[in-house]
Amino acid sequence: MRALVVYCHPVPESFCAAIRDTAVDVLTRRGWDVRLLDLYAEKFNPVMSCEERRSYNNQAPQDPALKPHFELLSWAEAILFVYPTWWYGLPAMLKGWLDRVWATDIAFKLPAGKGGIKSLMTHVTKVGVITTCGAPTWWSVVVGQPGRKTLLRGMRALCARRCKTFFLAHYLMDASTPATRAAFLVKVRAKLERF
C-alpha cells in the first residue's frame, strides 16, 4: 500500500509530532511505502492567489510549487491526516492545502454543462484522521465536528466508492497528562495495525 501522511503542526516537539512518528513507524513496519508531507516544514503556501482562483474552474493550478503535491496525490492509495483541531476545524495551513492541491484536473473534473463532478481520486481506498482537540468529546459533537466532516465526508466523496475511513481524536488535549498521551499512542498503533 502506498500511504501519504499529511502532517500539519507548527511546533516540532508537539504531541502531534509523536503521533506522526508513531504512524510512520507502524505503517513502515507493516511494509507500506510511506511518504511524509510536513506542510510547515516545507513552508507550504496555503494562500490561493487572485489569478489561481480566477482560473480554478478551468484548469489545474499553474504554480510550479504545487507539482510535487499533485504527484503525491496521484501516487497515494491511502491518505492519513495528522493535525491539531483548532476552533473545531482544520488548521488554516491544511485547509489551504486542500483548497490549492485538491483542485480541478487534479482531484476532479468539472462537467462542461450541468451534472456532477468526476472524481480523479478513485485510486485512494483508505482515508484516516488522527487529531488532537482541546474540547471534550461531547462539545465537539455539539459543534458538529467540521474538520472531521470536511475530510471524511467532503474529501472522501472524491475517493474510491468503498473507501475505508477512520477518525481518532485525543480530546481534552489541554488537560492531557503523560499517561493520557501514552494511552492515546497505544490506540494509534492499534488502529493503524488494522488500517
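In this predicted model, Ala3 stands opposite Val34 of strand β2. The strands concerned, β1 and β2, run parallel and are joined by 6 bridges. They belong to an open sheet of 5 strands, arranged in the order β2-β1-β3-β6-β7 with parallel pairing. β2 and β7 (residues 164–170) occupy the edges with a single partner strand each, so one side of each has no neighbour in the sheet. From one strand to the next, the twist averages 15°.

**Pairing around β6**

Further along the sheet, β3 and β6 are paired in the parallel sense over 8 bridges. Within this pairing, Pro84 has Thr132 of β6 as its bridge partner. β6 is also paired with β7, again in the parallel sense, over 7 bridges. Here Val127 has Thr165 of β7 as its bridge partner.

How many of the residues of β6 are buried? The count is 8 of the 8, so β6 is largely enclosed by the rest of the structure. In a regular strand, side chains alternate between the two faces of the sheet. Both faces of β6 are covered. Lys126, Gly128, Ile130 and Thr132 are buried on one side, and Val127, Val129, Thr131 and Cys133 are buried on the other. Two residues named above as bridge partners thus reappear here, Thr132 and Val127.

**Helices on the sheet**

Helix α3 lies across β1, β2 and β3, and its direction is at about 145° to β2. Helix α7 also packs on the sheet, where it touches β3, β6 (residues 126–133) and β7. The direction of α7 makes about 175° with that of β7.

Which residues of α3 (residues 67–75) are buried? They are His69, Phe70, Leu72, Leu73 and Trp75. An α-helix has 3.6 residues a turn, so residues three or four places apart point the same way. The buried residues of α3 pack against the strands β1 (2–7), β2 (33–38) and β3 (78–85), and also against helix α4 (92–101).

**The contact of α1 with α7**

Besides packing on the sheet, α7 meets another helix: the axes of α1 (residues 15–29) and α7 (residues 178–194) come within 9 Å and cross at roughly 30°. Angles under 35 degrees count as roughly parallel, and α1 and α7 are therefore roughly parallel to each other. The crossing in which α1 passes α7 is right-handed. On the α1 side, the contact is made by Phe15, Ala18, Ile19, Thr22, Ala23, Asp25, Val26, Leu27 and Arg29. On the α7 side, Arg181, Phe184, Leu185, Val188, Arg189, Leu192 and Glu193 take part. By class, the residues of this contact comprise 10 nonpolar, 1 polar and 5 charged.

**Individual residues in loops and at β2**

The table gives the location and relative accessibility of four individual residues.

| Residue | Location | Relative accessibility | Class |
|---|---|---|---|
| Leu90 | loop between β3 and α4 | 15% | buried |
| Tyr88 | loop between β3 and α4 | 27% | partly exposed |
| Leu172 | loop between β7 and α7 | 45% | partly exposed |
| Asp38 | strand β2 | 18% | buried |

Why does Leu90 count as buried? Its relative accessible area is 15%, and buried means under 20%. Leaving aside residues up to four places away in sequence, Leu90 touches Tyr83, Lys95, Leu98, Gly147, Thr150 and Leu151. Leu90 and Pro178 are 88 residues apart along the chain, and their C-alpha atoms are separated by 25 Å.

Tyr88 lies in the loop between β3 and α4, as Leu90 does. The phi of Tyr88 is near 75°, a positive value in a residue other than glycine. In the loop between β7 and α7, Leu172 likewise has a positive phi, of about 55°, although it is not a glycine.

Asp38 belongs to β2, one of the strands at the edges of the sheet. Is Asp38 buried or partly exposed? At 18% relative accessibility, Asp38 counts as buried. Apart from residues up to four places away in sequence, Asp38 touches Tyr7 and Arg20.

How values were computed
Residues are numbered from 1 along each chain as its sequence is written. This is a predicted model: local features need pLDDT of at least 70, side-chain atom pairs count only at pLDDT 80 or more; totals for chains, interfaces and linings use all residues. Side-chain values use heavy atoms; hydrogens and water are left out. Axes are lines fitted to C-alpha atoms, for helices over the stretch in contact, and angles run from 0 to 180 degrees between N-to-C directions. Helices (H or I, at least four residues) and strands (E, at least two) are DSSP runs, numbered from the N terminus. Angles under 35 degrees count as roughly parallel, over 145 as roughly antiparallel, 65 to 115 as roughly perpendicular and the rest as oblique. A crossing is left-handed if the near helix is turned anticlockwise from the far one by less than a right angle, and right-handed if clockwise. Contact means heavy atoms within 4.5 Å. Ala, Val, Leu, Ile, Met, Phe, Trp, Tyr, Cys and Pro count as nonpolar, Asp, Glu, Lys and Arg as charged, and the others, Gly among them, as polar. Buried means under 20% relative accessible area, exposed over 50%, partly exposed in between (1.4 Å probe, protein chains only). Two strands pair if DSSP finds at least two bridges between them.
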